Amino acid sequence: MKILLLGSGELGKEFVIAAQRIGQTVIAVDSYKNAPAMQVAHGFEVINMLDGAELDRIVAKHQPDFIVPEIEAIRTERFYDYEKQGITVVPSAKAANFTMNRKAIRDLAAKDLGLKTANYRYATTAEELQKGVEAVGMPCVVKPLMSSSGKGQSTIKTAADIKKAWQYAVEGSRGDVVEVIVEAFVKFNSEITLLTVTQNNNPTLFCAPIGHRQERGDYQESWQPARISEKDLYEAQDMAEKVTEALGGAGLFGVEFFLADDGVYFSELSPRPHDTGMVTLAGTQNFNEFELHLRTILSLPIAGITLEKAGASAVILASENSTNPTFTGLEKIAALAKTDFRIFGKPSSRPYRRMGVALTNDTLETPIEEIVERAKKAAALIEVHY
Ligand SMILES: Nc1ncnc2c1ncn2[C@@H]1O[C@H](COP(=O)(O)OP(=O)(O)OP(=O)(O)O)[C@@H](O)[C@H]1O
Ligand SMILES: [Mg+2]
């Protein structure tokens, strides 16, 4: 089968490796040359994926069986046409299109499906934001409708923050829409990603929940399994099943939830492997999230997902700009037991750019905090040079 991968970062790279291992052909696409997934794919294209004509051109050129989006910033409206042409968009054109804009997915989840979410409003001006803040109360979180990795996102604590939050959101906004969502701050005890696998003609499967800690809108450590009550897990699975079913198609989704004293809140989802799910590269499961995504796309039945070990991942970040980053300390991290790592091979660095990840695992009886601590220490052994 021929797969056109839209987005060629570290998640795409692992997906390509999984595909290569079972003999599939992948063309990797991104906006810059030598992106991680391109380094392991059969071919590559460098285009602006927000440009519909450019997308049309490469789809016509490569005639893929599958289009697999790795990122949100794509002219996803075109996907409906590709589906009509008989190409399978993963997991579905609707899933990719609805999740590129926070409004579509939030309204689907909260209004159509009745899932519990933070109270929210939308705003297209600073004045509307003011009204929205009054409606949801403070503290509250403002996010551009089109953004990811926490870009343009800020928390409003007092009325004096509103103007700043609006400005910041406008600057961090991607694409042609300048509109924000303002939502009540959820005082959660922890947050989880529930990797959910929908299959053609087979039941939906869930991975063990993944816990994670975020800073500046990006995850720092993730671990599996996360601590969660049976009741909360059941609620999260029920919500994940409803929202993935409404979006349609087969694939792995990363469904994000907040766990608070008053229950589970649906936050958002990615219809594709999730960055926090890189913990599955630590050998926590019989299949990692990339293998699961691939297999379900190809309609290969997945008999079951089993949790084999407890594991953690900790990110390796750059702190400076460079067009030739190099790494030392590999021999130090390699010397650690029950530890592994990835260096993504990104051709350039900038402050906070994720360059690699440290992975640790241990028995399911080991306290998860210990495994996370080991992952953090392992990540700190790698030094980036600029
Ligand atoms: N309403 C909220 N209450 C409390 N914390 C929040 C809220 N919304 C977001 N956050 C915090 O900010 C993080 C990022 O938010 P969100 O996932 O909505 O943004 P994102 O830009 O889509 O991030 P990513 O693309 O990395 O998943 C959350 O994981 C959570 O830690
Ligand atoms: Mg998120």
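Where in the chain is the place of P91? In this predicted model, P91 sits in the loop that runs between strand β5 (88-89) and helix α4 (93-99). The peptide bond leading from V90 into P91 is cis, and its omega angle is near -10 degrees. A cis peptide bond also joins Q224 and P225, with omega at about 5 degrees. P225 belongs to the loop between β13 (218-224) and α8 (230-247).

The surroundings of ligand 1 were examined next. This ligand is surrounded by 18 residues, and the closest are K143, G150, E183, E191 and E268. Sorted by class, the shell consists of 6 nonpolar, 6 polar and 6 charged residues. Both domain 2 (119-184) and domain 3 (188-385) contribute residues to this shell, so ligand 1 lies between the two domains.

Several polar contacts to oxygen atoms of ligand 1 were found. For S149, the contact is made by the backbone: one of its N or O atoms lies 3.0 Å from an oxygen atom of the ligand. For Q153, a polar atom of the side chain is 3.0 Å from a ligand oxygen. The side chain of E256 likewise has an N or O atom at 3.1 Å from an oxygen atom of ligand 1. Taken on its own, ligand 1 has 620 Å² of accessible area, and the protein covers 91% of this area. Four elements each give two or more residues to the shell: β7 (140-144), β9 (180-184), β10 (188-199) and β14 (251-260).

The model also contains a magnesium ion, ligand 2. Its coordination involves two residues: E256, listed twice through OE, and E268, listed once through OE, at 2.0 to 2.6 Å. The pair links distant parts of the chain, with E256 in strand β14 and E268 in strand β15 (residues 263-270), 12 residues apart. E256 has a relative accessibility of 13% and therefore counts as buried, the limit being under 20%. E268 has a relative accessibility of 25%, so this residue counts as partly exposed. Both glutamates also appear in the description of ligand 1: E268 is among the closest residues of its shell, and the side chain of E256 makes the contact at 3.1 Å.

Away from the ligands, N48 is located in the loop between β3 (43-46) and α2 (52-62). With a relative accessibility of 44%, N48 counts as partly exposed. A polar atom of the N48 side chain is placed 3.0 Å from the backbone nitrogen of L50. Along the chain, N48 and K164 are 116 residues apart, and their C-alpha atoms are separated by 30 Å.

A second pair of positions concerns T328, a residue of strand β17 (residues 326-328). T328 counts as partly exposed, because its relative accessibility is 36%. The C-alpha atoms of T328 and L129 are 47 Å apart in space, and the two residues are 199 apart in sequence.

Positive phi values were then considered. S299 has phi near 60 degrees, which is a positive value in a residue other than glycine. This serine is part of the loop between α9 (289-297) and β16 (310-317). Its relative accessibility is 45%, so S299 counts as partly exposed. K338 also has a positive phi, near 50 degrees, and is likewise a residue other than glycine. K338 lies in the loop between α10 (330-334) and β18 (339-343). At 48% relative accessibility, K338 counts as partly exposed.

T339 is found in strand β18. T339 has a relative accessible area of 17% and is therefore buried, whereas K338, at 48%, counts as partly exposed. The side chain of T339 reaches the backbone oxygen of A337 at a distance of 2.7 Å.

Notes. Residues are numbered from 1 along each chain as its sequence is written. Chains are lettered from A and ligands numbered from 1 in the order in which they are written. This is a predicted model: local features need pLDDT of at least 70, side-chain atom pairs count only at pLDDT 80 or more; totals for chains, interfaces and linings use all residues. Side-chain values use heavy atoms; hydrogens and water are left out. A residue is near a molecule or strand if one of its heavy atoms lies within 4 Å of it. A polar contact is a pair of N or O atoms within 3.5 Å; within protein, one must be able to donate a hydrogen and the other to accept it, and residues adjacent in sequence count only if both atoms are side-chain atoms. Accessible areas come from the Shrake-Rupley method with a 1.4 Å probe; for residues, only the protein chains shown count as cover. Ala, Val, Leu, Ile, Met, Phe, Trp, Tyr, Cys and Pro count as nonpolar, Asp, Glu, Lys and Arg as charged, and the others, Gly among them, as polar. Domain bounds come from an automatic or database domain assignment. Donors are N, O and S atoms within 2.8 Å of the metal (3.2 Å for Na, K and Ca); water is not among the atoms, so sites may look incomplete. Buried means under 20% relative accessible area, exposed over 50%, partly exposed in between (1.4 Å probe, protein chains only).
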